[in-house]
Structures are given as C-alpha cells and as structure tokens.
Amino acid sequence: MKEDVFSRYSRQIFIDEIGLEGQKKIMASKALVVGAGGLGSPVIQYLAAAGVGTLGVADFDLVELHNLNRQIIHTEDRTGMSKVKSAEVFVKNLNHQVNLIPIEHKINEANAADILSRFDIIIDGSDNFSTRYLINDTCVKLKKTLVYGSILGFSGQVAVFNHQGSKNLRDLFPEPPSDGDMPDCDSLGVLGALPGIIGSMMALQTLKIIADLPVILNQMTWVDTLNWRFQTIDF
C-alpha cells in the first residue's frame, strides 16, 4: 500500500479488526447510495472518507435552501445544482481517490435492476415508501445486501436487510403504506442532527459489512432522540 494511502487511512488500519486487509476491501468495494439528501449526505461523507473505491450516488432532485439544515454535503452556493453533481463536488474535494458514479435518475421499476446490479452493497436513503420497497425487492431479486434507514422528526430507524440470507423489509412490514397517508419531513420536519446520527450508523454498518465484520441481522434499531431511547426489535 502506498505511503500516502496508508497515511490517509492509518487510523482505520490501526484497528485490529480492519487492518490492511480490511482497508483493501474497502478500497475495492462498490457501494450505491440512493438519495443524496438528509440520510445520504452523512453516508456519502463517511464512505468517501473511509476510501470506498467506487461510490454510486443516485438522486434526481436539485439542492434547495431548505435542504441545508441537514443535507451537510451541499452548500449555499450550490442551490439549484443537482444533488448528484453537488455530491460529486463534495467527494472530489474530500477524497480524490474515490471513483464517484453520478446517477441523475429516479430509480423506478424499469431501471432499478440495471442500476443496482453494478454495485456490491446498496444503502437506501430514499424518502418515500414506494422507492424503499422497490429497492428492497430489487435487492432480494439480485441477492444484494441492503442497509436501510429512515427518519422523521426526532426518530429514526436502521436495519441491515437481505445479508447472507437474512430477512428483508417485507418480513418486517409486508406491505408498504400509501405515501400519501404517511407523514414526511416536508410536513412534520426533521431536526438537522438526526439524519447525521442515523446516516452515520448506516455508514458504519456498511463499512463493517464491506470489511467482513459481523453485523446483527433480523433486527431493527429504533432511535428516539427526543427522549434519548434506543430500542432494538427482532423480526
């Protein structure tokens, strides 16, 4: 491993469970982040910082001023820019060694399998149930590991689905609710640091999986930051 690479990632390499071999796995990995918003921002930030070799980012929205309280990879001078291009600027400035693949498309039934099949692991930071279930079902079909997260107000959820034969989203919630019937961040809001917490947890689970470290399966972690309660639900 080149000296500059070792210096950049030394604090990870010094961890016994990571070491040189684990860092090589991270640098050889291909991860797709769906959504470059509240959850996607910390995921993109920490996966790029860790040296994930190929990082796909899929989003079709533009950066807006109201995004900036929580979508920390974007900046005021990039309002109006596509979130994917803004993410590309961020990653390039943070770690030029990462190969960022911009995907400026809405993931739908027609393109989901083609897009997801290019990556080893999928991280879902989308903000609606129809997309979440589509990503879940596509991961099951393609036998891809899915790191899942969701947020609202002061609360969030994190789980690893479909990893080494483990259960998936439909084993926990068989059918999606109607998007129109569910509250979202646009209507009820979200405190900016919450997606930082949940997104960081998602990034950590992703890096552990890439490095072949154990993760707890068939379990969802519920985080209530208003009352500071953390609960796990087995399914």
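Which residue just after α3 takes a positive phi? I started my notebook with that one, and I kept in mind that this is a predicted model.

**Entry 1: helix α3 and what follows**

I found my answer at glycine 51, where phi is about 95°. Then I stepped back to α3 itself, which covers residues 40–50. I asked myself how many of its eleven residues are buried. The count is eight, so I noted the helix as mostly covered. I wrote down the buried ones: Gly40, Ser41, Pro42, Val43, Ile44, Leu47, Ala48 and Ala50.

**Entry 2: the sheet**

Next I traced the strands. I read an open sheet of eight strands, in the order β3-β2-β1-β4-β5-β6-β7-β8, with mixed pairing. At the edges I found β3 (99–103) and β8 (229–234), each of which pairs on one side only. From one strand to the next, the twist averages 15°. I added a reminder for myself: strands in a sheet pair through backbone hydrogen bonds, and they can do so parallel or antiparallel.

**Entry 3: β4 and β5**

I looked up a parallel pair here. Strand β4 (residues 121–124) is joined to β5 (residues 145–152) by four bridges. Isoleucine 121 stands opposite threonine 145, and aspartate 124 has tyrosine 148 as its bridge partner.

Why do I call β5 largely enclosed by the rest of the structure? Seven of its eight residues are buried, and a residue counts as buried when its relative accessible area is under 20%.

I also checked what lies across this part of the sheet. Helix α9 (residues 193–210) lies across β4, β5, β6 (155–161) and β7 (219–224). The helix runs at about 170° to β5.

**Entry 4: β7 and β8**

Here I found an antiparallel pair, with six bridges joining β7 to β8. Glutamine 219 stands opposite aspartate 234 in β8. The two strands form a hairpin with four residues between them. In this hairpin I met another positive phi, near 55°, at tryptophan 228.

**Entry 5: the second largest pocket**

I turned to empty space next. Rolling a probe the size of a water molecule over the atoms shows where such space is left. The second largest pocket holds about 210 Å³. Which elements give two or more residues to its lining? They are β6, α9 and β7. The largest share, four residues, comes from α9. I listed some of the lining residues, including Val158, Met201, Leu204, Lys208, Ile216 and Thr221. Gln219, from my hairpin entry, is also one of the lining residues. By class, the lining has seven nonpolar, three polar and one charged residues.

**Entry 6: one exposed residue, one buried**

Is glutamate 21 buried or exposed? I first placed glutamate 21 in helix α2 (residues 19–28). Its relative accessibility is 52%, so I put it down as exposed, the cut-off for that being over 50%. I also looked up its separation from alanine 113: the two are 92 residues apart in sequence and 30 Å apart in space, C-alpha to C-alpha.

For contrast I picked serine 86, in helix α4 (residues 83–94). At 0% relative accessibility, serine 86 counts as buried. Which residues does it touch, leaving out those up to four places away in sequence? I found Val63, Ile73, His74, Arg78 and Met81.

Methods. Residues are numbered from 1 along each chain as its sequence is written. This is a predicted model: local features need pLDDT of at least 70, side-chain atom pairs count only at pLDDT 80 or more; totals for chains, interfaces and linings use all residues. Side-chain values use heavy atoms; hydrogens and water are left out. Two strands pair if DSSP finds at least two bridges between them. Axes are lines fitted to C-alpha atoms, for helices over the stretch in contact, and angles run from 0 to 180 degrees between N-to-C directions. Contact means heavy atoms within 4.5 Å. Buried means under 20% relative accessible area, exposed over 50%, partly exposed in between (1.4 Å probe, protein chains only). On a 1 Å grid over the protein atoms alone, a cavity is a set of points where a 1.4 Å probe fits but cannot get out, and a pocket is an open set with protein on both sides within 12 Å along at least five of seven lines; lining residues have an atom within 4 Å of a point. Grid points are joined across faces, edges and corners, and a volume is the space filled by probe spheres set on the points. Ala, Val, Leu, Ile, Met, Phe, Trp, Tyr, Cys and Pro count as nonpolar, Asp, Glu, Lys and Arg as charged, and the others, Gly among them, as polar.
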